[in-house]
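Here is a short tour of a few features worth having on screen as you read. Open the model alongside and follow along.

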Amino acid sequence: MRRQAVAAGVSALAILAAAPAIAEIRIGASLAITGPAAFLGDPEAKTLEMLVEELNANGGINGEEVELIVYDDGADPNKARTFATRLIEEDEVVAVIGGSSTGATMAMAPLFTDYEIPFISLAGAVVIVDPVQEFVFKTPHTDRMACEKIFADITARGLSKVGLISGTDGFGASMREQCLDVAEASGVEIVADESYGATDSDMTPQLTNIAATDGIEAIVNPGFGQGPAVVTRNYAQLGLDLPFYQSHGVASDAFLDLAGEAAEGLRLPATPLLIPDQLAEDDPQRQPVQDYIAAYEEKYGEKPSTFGGYAYDAFHLLVDAIERAGSTDPVDIRDALEATEGHAGVTGVYSFTPEDHMGLDLSAFRILEVADGGWKPVEE
C-alpha cells in the first residue's frame, strides 16, 4: 500500500488500495515528482508504486505487507530535509529511498545518519558515498566514474584535448570537479572550461569559446535537466564537428525527445536499460532489465527511464536486505545491505562493502551513441 502524502507544498498522491490496511513495514521516499527535476522523480515514484503493489500482491516481505510513504520535494533541499524529518519522527519508517537530486540527498543524509535509518540515494554525485557514511548508500554510478568512462572512450579514439561545458547545478558542478580531478590520470588535458546556469536558454557563447580553443579535440557536457538539451541544440546550430559527450545524467529517451536530431552522433555512459534487445543472452543484467521494462510498460503504457531504474534497483536491494536480515530493525537492515554481493540489477551488479556503499565498477557503464534517433552500444 502507498499512503497519501498530505502536507502544505506536497503533491497529493493516489492511494493505491481501496480498502484500508495496516502495514507492518514502512518504507519512505522523498522524490522530485514535480518541478524541473520531475523527469527524475516521476519515473522513480511510479517505479516504487508499481513494485510495492506487486510485492504486496505476492505476500509482502517475509509475510508482512509494505507501506510506501512518498513525499514530493521538487528537488528542493530544504523541503527534502523537512520530509526526511517527518519520515523519521512521524512516519517511523525503517528505511528510505530517494533524493532524486544530489542537493536533496545531501540535505537528508545527515539526518538518516544521526537517526541510524538506512538511506538509498538515487542521485549521482560521488560525494554521497565518498567518504562513506555508515547509513547512506546509492544506486547510480558516480559522476567520477562517468568522467573515467568518457575519458577512456576519448583516449581510445586517439584524442586527448577536451573542453568542458558544465551545468552549475549540484550534479553538473560535482561532475566538473571530478573530471578536472581525474583528467591527468586518464590521459586527458582539459583545455577549455565553461559553465552555464540552470535557466540559461542559449549556450552558444560558451561553445564558441570552446571551439576556438587551440588544439580542442572533444567536448564533454557534465549536467542534467534541460540544460544539456540546449547545449546539444546549440552545438548543432553552430555546426561543430567535434566528438561530443553528455553525462549519464541525461541517459534517457526523454533527452532524445528534447534534443531532437541535434543529438545524432553524441555519446554518453549509460545503463543497459536503454539497449535491452542488444544485450547478450548470458549478460546477468538481461533478465532484470527485461523484467522491469515489461512490468513498467504493462502498468503505465510507456517505457521506463534510466532514473526509474535507479529506484527499481534501490527497492530490490532493500527488500533483499530485509529478507536476509530477517528483521525490520533499521540497523539490521543496514548491516544486510552492506553485505550485499552479486546482486544483478538494471543499473549494474551490486556488491557493497564497508568501504563501498555504491557497489558498482566501470563495467556497469556502457558507452552508447545516438544513431538514427536511438541508442546503440559502442564497441569497446
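This predicted model contains one disulfide, counting cysteine sulfur pairs within 2.5 Å. The bond joins Cys147 to Cys179, with an S to S distance of 2.1 Å. Its handedness is left-handed, with -90 degrees about the S-S bond. Cys147 belongs to helix α4 and Cys179 to helix α5, so the link ties together parts that lie 32 residues apart in sequence.

Helix α5 also takes part in a second feature: together with strands β7 and β8 it makes a right-handed β-α-β unit. The two strands pair in the parallel sense over seven bridges. Within this pairing, Ile165 stands opposite Glu194 of β8.

For quick selection, here are the residue ranges of that unit:

| Element | Residues |
|---|---|
| Strand β7 | 161-167 |
| Helix α5 | 170-182 |
| Strand β8 | 189-196 |

Now turn to a helix pair. How do α1 and α9 cross? The axes of helix α1 (residues 38-57) and helix α9 (residues 286-300) come within 11 Å and cross at roughly 95 degrees. Angles from 65 to 115 degrees count as roughly perpendicular, so that word describes α1 relative to α9. On the α1 side, the contact is made by Pro43, Lys46, Thr47, Glu49, Met50 and Glu53. Helix α9 contributes Tyr292, Ala295, Tyr296, Lys299 and Tyr300. By character, the residues of this contact divide into six nonpolar, one polar and four charged.

Technical notes:
Residues numbered from 1 in each chain as written. Predicted model: local features only at pLDDT ≥ 70, side-chain atom pairs only at ≥ 80, totals over all residues. Heavy atoms only, no water. Axes fitted to C-alpha atoms, helices over the stretch in contact; angles between N-to-C directions. Helix = DSSP H or I, 4+ residues; strand = E, 2+ residues; numbered from the N terminus. Parallel < 35°, antiparallel > 145°, perpendicular 65-115°, else oblique. Contact = heavy atoms within 4.5 Å. Nonpolar A, V, L, I, M, F, W, Y, C, P; charged D, E, K, R; others polar. Pairing = 2+ DSSP bridges. Right-handed = clockwise from strand over helix to strand, strands pointing away.
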